[in-house]
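Good morning, everyone, and thank you for making time for this. I would like to walk through one structure with you, going from the whole chain down to a single residue. Please have a look at it first.

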Amino acid sequence: MEKQSLQTYKEYSDEKFTKRIIYNKGGSTVFVLNFMPGQHLPEHTHPGTEVYLLVLDGDGTFIIDGKEIAVTANDVVHCGSDEKMAFKNSGTSPLSLYVALNKIPNENYAKDI
């Protein structure tokens with residue numbers, strides 16, 4: 001058993017969004033992405049893995065396979081391995097996403113940035 005506080009992983013930067021790894025075990029990784037207003041995550045896919053996202057704070061917009069999806073705190077989103085996903089903090093306050101990747105294809109997905 002292991003307990004963590006999400007508050008520890010909410011680290012914001014005016015330069016770019018941040019990624020803070022919480023767990024990296026058993027072929028899965030869990031992390032928090034932190035965005036200041038206007039910051040974004042470019043479009044990408046997650047080959048070989050399933051992505052589960054929980055909006056912890058703030059308001060933002062996912063673009064999944066070209067479809068915009070507005071989200072706010074406590075919304076959850078699933079993104080399949082072949083779906084193209086992008087994200088933007090479209091709100092006026094900092095935003096954090098709790099992200100779980102299952103069956104990660106390689107260790108590059110499990111690094112802080």
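If we read along the sequence, the protein follows the pattern β-β-β-β-β-β-β-β-β, and that corresponds to nine strands and zero helices. Please keep in mind throughout that what we are looking at is a predicted model.

Let me begin with the overall form. The radius of gyration is 13 Å, which is close to the 13 Å that the globule rule gives for 113 residues, so the protein is as compact as a globular protein of that length. Along its principal axes, the C-alpha trace spans about 35 × 30 × 25 Å. Of the 113 residues, 42% count as buried, and the accessible surface comes to about 6200 Å², with 50% of that belonging to carbon and sulfur atoms. If we take the contacts between residues at least 6 apart in sequence, we find that 66% of them join residues at least 24 apart.

Now, how are the strands arranged? One open sheet holds four strands in the order β3-β8-β5-β6, and their pairing is antiparallel. Its edge strands are β3, at residues 40–44, and β6, each of which pairs on one side only. On average, neighbouring strands of this sheet are turned by 20° against each other, if we ignore direction.

I would like to stay with strand β5 for a moment and look at its partners. With β6, which covers residues 67–72, strand β5, at residues 59–64, runs antiparallel and is joined by six bridges; within this pair, Phe-62 stands opposite Ile-69. The two strands form a hairpin with two residues between them, and in that turn Asp-65 has a positive phi of about 50°. With strand β8, at residues 85–88, β5 is again antiparallel, and here four bridges join them, with Ile-64 standing opposite Met-85.

Which residues have the most contacts inside the largest nonpolar core? This core has 21 residues, and those with the most contacts inside it are Leu-33, Phe-35, Leu-53, Phe-62, Phe-87, Leu-97 and Val-99. Strands β2, β4, β5, β7, β8 and β9 each supply at least two residues of this core, and β9 gives the most, with four residues. Apart from this core lies another one, of six residues, among them Tyr-9, Ile-22, Val-30 and Leu-56.

Phe-62 deserves a second look, since we have now met this residue both in the hairpin and in the core. Leaving aside its neighbours within four places in sequence, Phe-62 is in contact with a list of residues that includes Leu-53, Ile-69, Val-71, Val-77, Phe-87 and Leu-97.

Let me finish with the residue that follows in the numbering, Ile-63, which also has its place in strand β5. Is Ile-63 buried, exposed or partly exposed? Its relative accessibility is 24%, and because buried means under 20% and exposed means over 50%, Ile-63 counts as partly exposed. Not counting residues up to four places away in sequence, Ile-63 touches Glu-68, Lys-84, Met-85 and Ala-86. As for Glu-83, which is 20 residues away along the chain, its C-alpha atom is separated from that of Ile-63 by 9.9 Å.

How values were computed. Residues are numbered from 1 along each chain as its sequence is written. This is a predicted model: local features need pLDDT of at least 70, side-chain atom pairs count only at pLDDT 80 or more; totals for chains, interfaces and linings use all residues. Side-chain values use heavy atoms; hydrogens and water are left out. Two strands pair if DSSP finds at least two bridges between them. Axes are lines fitted to C-alpha atoms, for helices over the stretch in contact, and angles run from 0 to 180 degrees between N-to-C directions. A nonpolar core is a set of buried Ala, Val, Leu, Ile, Met, Phe, Trp, Tyr and Cys residues joined through side-chain atoms within 4.5 Å. Buried means under 20% relative accessible area, exposed over 50%, partly exposed in between (1.4 Å probe, protein chains only). Contact means heavy atoms within 4.5 Å. The radius of gyration is taken over C-alpha atoms; the globule rule is 2.2 Å times the number of residues to the power 0.38. Accessible areas come from the Shrake-Rupley method with a 1.4 Å probe; for residues, only the protein chains shown count as cover.
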